[in-house]
Amino acid sequence: MVKKTAPGYDSQELREFAEVLRGRRTINLYLQMPVPDELIRDAVEVATWAPNHGVTEPWRFYRLGSKSIGRCLDLVRELVTAAKGEKAGAFKAKSWSEKPGWLVVTCRSSDDELLQREDYAACATAVQTFMLYLWKAGIGSKWTTGDITRDPGFADIVGFNASDEFVVGLIWYGFPKVTPAQSRKDVSEVLTELP
Ligand SMILES: Cc1cc2nc3c(=O)[nH]c(=O)nc-3n(C[C@H](O)[C@H](O)[C@H](O)COP(=O)(O)O)c2cc1C
């Protein structure tokens, strides 16, 4: 029998919450259906409640519309073509064109190493909050940090100053077509409990 340590510890509600946290998967393939803008606005608002040391609120969120997505596709085609040839460039642009929603999350830059680390950590928790909120709403997502996100052309398209902000993630989102399986180490392999 589970020993209760807090009110509601063994509740159905808590088990369901754990299932949302455990069940979120990185989604690569999406149905070609738009996600309501309002839901994304809500998810971003919820994400801003993530912990952030000193309440620095170091994040900025950019939701891309079809014109900016088109410019990103041109950029990725150009970058991949230069590196791997035309066929690879066209293939990448086609696969990226099937990502229904695009959100870029940036973190403010700082010369203070500790502040920078803590701000980045805060932004990472905001991204996870955003993704989990969507997952609960039936929307999948994928956090990416590919080369394009560090290209100066990407900052130009998204419209931030690369000396003031850096990309934490390009987050694609949409209704999942396929939800892949995943596994994790047993908790005993990652948790050390001290006396
Ligand atoms: C900071 C960060 C960057 C990531 N960048 C990429 C990426 O560029 N390409 C990719 O395929 N997955 C990327 N991922 C997603 C991970 O590959 C994914 O979370 C991992 O495979 C575990 O799968 P799950 O999210 O379904 O548990 C990134 C995840 C994080 C946290």
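Let me begin with one residue, Ile171, which, once we set aside residues up to four places away in sequence, touches Leu103, Val105, Val127, Phe130, Met131, Ser141, Lys142 and Trp143. Before we follow those contacts outward, please keep in mind that what we have in front of us is a predicted model.

Let me turn to the strand pairing around this residue. Ile171 is the bridge partner, in β4, of Leu103, and the two strands β2 and β4 run antiparallel, joined by 8 bridges. On the other pairing, β3 and β4 also go together in the antiparallel sense, over 5 bridges, and there Gly140 stands opposite Gly174 in β4. So how much of β4 is buried? The strand is mostly covered, with 9 of its 10 residues buried.

Ile171 also leads us to the core. The largest nonpolar core has 37 residues, and Ile171 is among those with the most contacts inside it, together with Val105 and Phe130. Many elements contribute at least two residues each to this core, namely α2, β1, α3, which covers residues 66–84, α4, which covers 86–96, β2, α5, α6, which covers 152–158, and β4. Which element gives the largest share of this core? That is α5, with 9 residues. As background for those of you who are new to this, in soluble globular proteins nonpolar side chains tend to be buried together.

Helix α5 therefore deserves a closer look, and we can check its geometry with a simple calculation: the helix has 24 residues, from 113 to 136, and at 1.5 Å a residue it should span 34 Å, which agrees with the 35 Å between its end C-alpha atoms. Which residues of α5 are buried? They are Asp119, Ala122, Cys123, Ala126, Val127, Phe130, Met131, Tyr133, Leu134 and Trp135. The cover over these buried residues includes α1 (12–23), α2 (37–47), β1 (59–63), β2 (101–108), β3 (140–144) and β4 (165–174). Just after the helix, Gly138 takes a positive phi of about 90 degrees.

Let me now step back to the chain as a whole. Its secondary structure comes to 7 helices and 4 strands, and if you read along the sequence you meet them in the pattern α-α-β-α-α-β-α-β-α-β-α. The C-alpha atoms fill a box of roughly 60 × 40 × 35 Å along the principal axes, and of the 195 residues in the chain, 26% count as buried. Among the contacts with a separation of 6 or more, 80% are made by residues 24 or more positions apart.

Next come some residues outside that buried list. Leu75 is found in helix α3, and Leu75 is partly exposed, because 17 other C-beta atoms lie within 10 Å. Leaving aside neighbours within four places in sequence, Leu75 is in contact with Ile148, Asp151, Gly153, Phe154 and Ile157. The C-alpha atoms of Leu75 and Gly89, which are 14 residues apart along the chain, are separated by 9.6 Å.

In the loop between α1 and α2 we find Met33, and with 9 C-beta neighbours inside 10 Å, Met33 counts as exposed. Even so, Met33 touches Pro100 and Phe175, not counting residues up to four places away in sequence. Measuring C-alpha to C-alpha in the model, Met33 and Cys123 are 28 Å apart in space and 90 residues apart in sequence.

The loop between α2 and β1 holds Val55, and it also holds Glu57. Val55 has a positive phi of about 50 degrees although it is not a glycine, and Glu57, likewise not a glycine, has a positive phi of about 45 degrees. Are these two buried, partly exposed or exposed? Val55 counts as exposed, since it has 8 C-beta neighbours inside 10 Å, whereas Glu57, with 14 other C-beta atoms within 10 Å, is partly exposed.

I would like to finish with the ligand. The residues around the ligand are Arg25, Thr26, Trp143, Thr144, Thr145, Gly146 and Gln182, and this shell divides into 1 nonpolar, 5 polar and 1 charged residue. Trp143 brings us back to where we began, as Trp143 is one of the residues that Ile171 touches.

Technical notes. Residues are numbered from 1 along each chain as its sequence is written. This is a predicted model: local features need pLDDT of at least 70, side-chain atom pairs count only at pLDDT 80 or more; totals for chains, interfaces and linings use all residues. A residue is near a molecule or strand if its C-beta atom, placed from the backbone, lies within 6 Å of it. Ala, Val, Leu, Ile, Met, Phe, Trp, Tyr, Cys and Pro count as nonpolar, Asp, Glu, Lys and Arg as charged, and the others, Gly among them, as polar. A residue is buried if 20 or more other C-beta atoms lie within 10 Å of its own, exposed if 12 or fewer, and partly exposed in between; C-beta atoms are placed from the backbone. Two residues are in contact if their C-beta atoms, placed from the backbone, lie within 7 Å. The expected span of a helix is 1.5 Å times one less than its number of residues. A nonpolar core is a set of buried Ala, Val, Leu, Ile, Met, Phe, Trp, Tyr and Cys residues joined through C-beta atoms within 7 Å. Two strands pair if DSSP finds at least two bridges between them.
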